[in-house]
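Hello,

Here is the structure I promised to pass on. Please open it first, then read my notes below.

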Amino acid sequence: MTSTPEQRAKRAAYVREWNARPENRERVLAQRAQRRAAKRDEINAAAAAYREGNRAMLAEKSRAYKAANPEVVVAYRRATAEKHADRKREMKYGLRPGQFAEMLADQGGRCAICRTDTPNGNGWQVDHCHDTGDVRGILCHSCNVGIGHLKDNPAVVEAALNYLRGDSC
Ligand SMILES: [Zn+2]
């Protein structure tokens, strides 16, 4: 059966209208998902080729969008910051995702040494034993730097404690 351009346009308009009806939404989405799944490799390859061929334009589009929507950027960074931090802690200290938050919660949200709830500096530090690599606890910036300056050595810390407790002042 042949059809005229007018007939095809009319048919396309009807399909568009049918697809837009709320009662057909689920069927339309399911159909689209099915078609996409069947052609996934083809679609992914086309998308990759498009990105590759339009790098500069897409970068500029992204830059312009970010400049016009700074609040979206801030919200995204906030939402992903903890995830990125968790990933870093996993790589560096072997903490599984969420473990840092659990440890800090176990410490009452406070530094394991001075009990401050304001970490300062670069924020909370994962303190670990430099010999075994084992994580000891979460410290504020000052305490982490402090025990580092005391050579991470209990004997030196104890000597400092005795010194502070002595009647030198
Ligand atoms: Zn502290």
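**A positive patch on the surface**

R36 is partly exposed, with a relative accessible area of 47%. Keep in mind that this is a predicted model. R36 sits in helix 2, which covers residues 25–38. It also belongs to a patch of positive charge on the surface. The other members of that patch are R25, R32, R35 and K39. A residue needs over 30% relative accessible area and no salt bridge to join a patch. At 47%, R36 is therefore exposed enough to qualify.

**Overall layout**

The protein chain splits into two domains. Domain 1 runs over 5–55, and domain 2 over 95–165. How far apart are the C-alpha centres of domain 1 and domain 2? They lie 55 Å apart.

**Salt bridges**

How many salt bridges does the structure hold? The count is nine. Side chains of opposite charge can pair when their charged atoms come close. Three of the pairs are described here.

Start with E60 and R63. Their closest N and O atoms are 3.0 Å apart, and they form a salt bridge. Both residues belong to helix 4, residues 55–68. They are three residues apart there, so about one helical turn separates them. E60 is partly exposed, at 41% relative accessible area. R63 is partly exposed as well, at 48%.

Next comes D127 with R136. Their side chains meet in a salt bridge, at 2.8 Å from N to O. Which partner is buried, and which is partly exposed? D127 is buried, because its relative accessibility of 7% falls under the 20% limit. R136 has 43% relative accessibility, so it counts as partly exposed.

Salt bridges also build a network. Shared partners join E82, D86 and R89 into one network. Within it, E82 forms a salt bridge with R89. The closest N and O atoms of that pair are 3.2 Å apart. Here, too, the two ends differ in exposure. E82 is partly exposed, with a relative accessible area of 41%. R89 counts as buried, because its relative accessibility is 14% and the limit is 20%.

**Where to look**

For a quick tour, begin at R36 in helix 2. Move on to E60 and R63 in helix 4. Then find the network of E82, D86 and R89. Finish at the salt bridge between D127 and R136.

Best wishes

Key. Residues numbered from 1 in each chain as written. Predicted model: local features only at pLDDT ≥ 70, side-chain atom pairs only at ≥ 80, totals over all residues. Heavy atoms only, no water. Patch = residues over 30% accessible without salt bridge, like charges linked within 9 Å, V, L, I, M, F, W, Y side chains within 5 Å. Areas by Shrake-Rupley, 256 points an atom, 1.4 Å probe, with all protein chains shown as cover. Salt bridge = Lys/Arg side-chain N within 4 Å of Asp/Glu carboxyl O. Lys, Arg positive; Asp, Glu negative; His and termini not counted. Charge placed at Lys NZ, Arg CZ, Asp CG, Glu CD. Helix = DSSP H or I, 4+ residues; strand = E, 2+ residues; numbered from the N terminus. Buried < 20%, exposed > 50% of the residue type's maximum accessible area, 1.4 Å probe, protein only. Domains from an automatic or database assignment.
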